[in-house]
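User: I'm new to reading protein models, and I'd like a close look at one part of this one. Could you walk me through it step by step?

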Amino acid sequence: METKAGDPGAFAHFDLARVPSPAFVVDEAAIRKNLEILADVKARSGAKILLALKAFSMWSLAPLIDHYLDGFCASGLWEAKLANKHFNGPISTYSPAYKTDDLVEIAALSHHVTFNNPAQIGQWKSRSIAGLDDCDIGLRLNPEIALGETPKYDPSQQHSRLGFPVSQLQADHFDDISGIHFHNLCEQNFDALEQTWAKIEPLVAPYYDALKWINLGGGHHITRDDYDREALVEFLTNLKAKSGCEIYLEPGEAVALDAGILVGEILDVFENSMPIGITDISATCHMPDVIEAPYRPAMLGESSDGEEIRLGGPSCLAGDIIGDYRLPEPAHIGQRIAFLDQAHYSMVKTNTFNGVPLPSIWLWNSDTDELRCVKQFDWTEFRDRLS
């Protein structure tokens, strides 16, 4: 497993003892910096940018996000409800499939509703779903070009369930849609978008006149230092001019990239052929992508030398292993540690397996040093999910 990149930024100077453990700490100033970069791309390209709530749903930051972005994309009814209740701006919803009751509510909340294939569109239009006629209907395409580093996370993997194969696209598929959508990237630079669009454009360009919008999806690491934003702006500007369509991007990670840490504490240290450390951070409960991807999250202040210790969580799952690390100081009970770049995906994926407590959520402003608790959880979060 490789270390997932993480920039400590202002967290290099944050006192981990200021929050209880475990806890997510999100830097409002870092979020603002990312949003300013995205706003600059918007202003110079004419594209619109939506926040992908599936990656970052911290609605306590809604006023800040609303100021910079154009709207929100939801993956189903509950995310659409969250966007409608706590954020301002249009909602674009896509799901691989819809339940009838859900779609009625989604149509009432959304400006764009995107379907997974043309047959779905025909099915729902024939049912005369209330409110659907007032929405822009989109079709998700599968570019059929696998560019992701992790095959099981690649939307273009063989036999993918996500999107209509672009090779099967026909002229009559444009009769009932206002836009096309694809999502083929994961933590990638501009070159992956360029390759993806090169595969799609020849099959879509003849039908530009039938379209109002083109949604280029998410996975663009636009706010990363090495992202080629100049090439992106030029691409978006040219695509908007050529197609005559509104162009959308829907990043999630780019909004919260390097803007949060997960603080934990070492509960026990012992030997089993190598030092073992038990922490109150659980990979399976608090950072499930560590196991699912898998990846090794970067540690704040990790040393470049010294003895390695294997860190794992408090659950009974044998695979609840975070990784092997060289700690900033010799391992001891009560020691505070933190993992970098945990604002996106980790917070939205937490669970209470084994009754492991959920981390509290804190908002810090590295410019002013203001720190406040946004959310704390108790055992009733675990109880109330059961019957």
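Which residues of α1 are buried?

Analyst: Happy to help! Please keep in mind that this is a predicted model.

In α1, the buried residues are Ala-29, Ala-30, Ile-31, Asn-34, Leu-35, Ile-37, Leu-38, Val-41, Lys-42 and Ser-45. As you read along that list, one idea is handy: an α-helix has 3.6 residues a turn, so residues three or four places apart point the same way. You can try this on Asn-34, Leu-38 and Val-41, which are among the buried residues.

What lies over them? The cover for the buried residues of α1 includes the strands β2 (23-27), β3 (48-52) and β18 (360-364), along with the helices α2 (62-68), α7 (229-243) and α8 (253-256).

Now for the length of the helix. α1 covers residues 28-45, which makes 18 residues, and at 1.5 Å a residue they should span 26 Å. The C-alpha atoms at its two ends are 26 Å apart, so the expected span and the model agree.

Both ends of α1 have a detail worth finding on your screen. At the N-terminal end, Asp-27 acts as a cap, with a side-chain oxygen 3.0 Å from the backbone nitrogen of Ala-29. At the other end, α1 is followed by Gly-46, which has a positive phi, near 85°.

Let's step from the helix to one of the strands that cover it. β2 is part of that cover, and β2 also pairs with strand β12 (residues 260-271) in the antiparallel sense, over 4 bridges. To find this pairing, look for Phe-24, whose bridge partner in β12 is Leu-262. Just before β2 you can find Pro-22, in the loop between β1 (3-4) and β2. The peptide bond between Ser-21 and Pro-22 is cis, with omega about 0°.

From here, β12 leads us to further strands. β12 runs antiparallel to β17 (residues 336-340), and 5 bridges join them; Gly-264 stands opposite Ile-337 of β17. β12 is also joined to β13 by 5 bridges, again antiparallel, and here Ile-266 faces Thr-279. β12 and β13 form a hairpin with 3 residues between them. In that turn sits Ser-273, which has a positive phi of about 70° although it is not a glycine. Ser-273 has a relative accessible area of 82%, and therefore counts as exposed.

Following β13 onward brings us to another serine. Ser-282 is in the loop between β13 (275-279) and α9 (283-286). With 0% relative accessibility, Ser-282 counts as buried, because the cut-off for buried is under 20%. The side chain of Ser-282 reaches the backbone nitrogen of Cys-285 at 3.0 Å. A polar contact of 2.9 Å also links the side chains of Ser-282 and Asp-320. Leaving out residues up to four places away in sequence, Ser-282 touches Met-287, Gly-313, Pro-314, Ser-315, Asp-320 and Val-356.

Finally, a word on the nonpolar cores. The largest one has 94 residues, and Phe-56, Ile-214 and Leu-216 touch the most other members. Apart from that core lies another, of 14 residues, including Phe-11, Val-263, Trp-362 and Trp-364.

Note on methods: Residues are numbered from 1 along each chain as its sequence is written. This is a predicted model: local features need pLDDT of at least 70, side-chain atom pairs count only at pLDDT 80 or more; totals for chains, interfaces and linings use all residues. Side-chain values use heavy atoms; hydrogens and water are left out. The expected span of a helix is 1.5 Å times one less than its number of residues. Buried means under 20% relative accessible area, exposed over 50%, partly exposed in between (1.4 Å probe, protein chains only). Contact means heavy atoms within 4.5 Å. A polar contact is a pair of N or O atoms within 3.5 Å; within protein, one must be able to donate a hydrogen and the other to accept it, and residues adjacent in sequence count only if both atoms are side-chain atoms. A nonpolar core is a set of buried Ala, Val, Leu, Ile, Met, Phe, Trp, Tyr and Cys residues joined through side-chain atoms within 4.5 Å. Two strands pair if DSSP finds at least two bridges between them.
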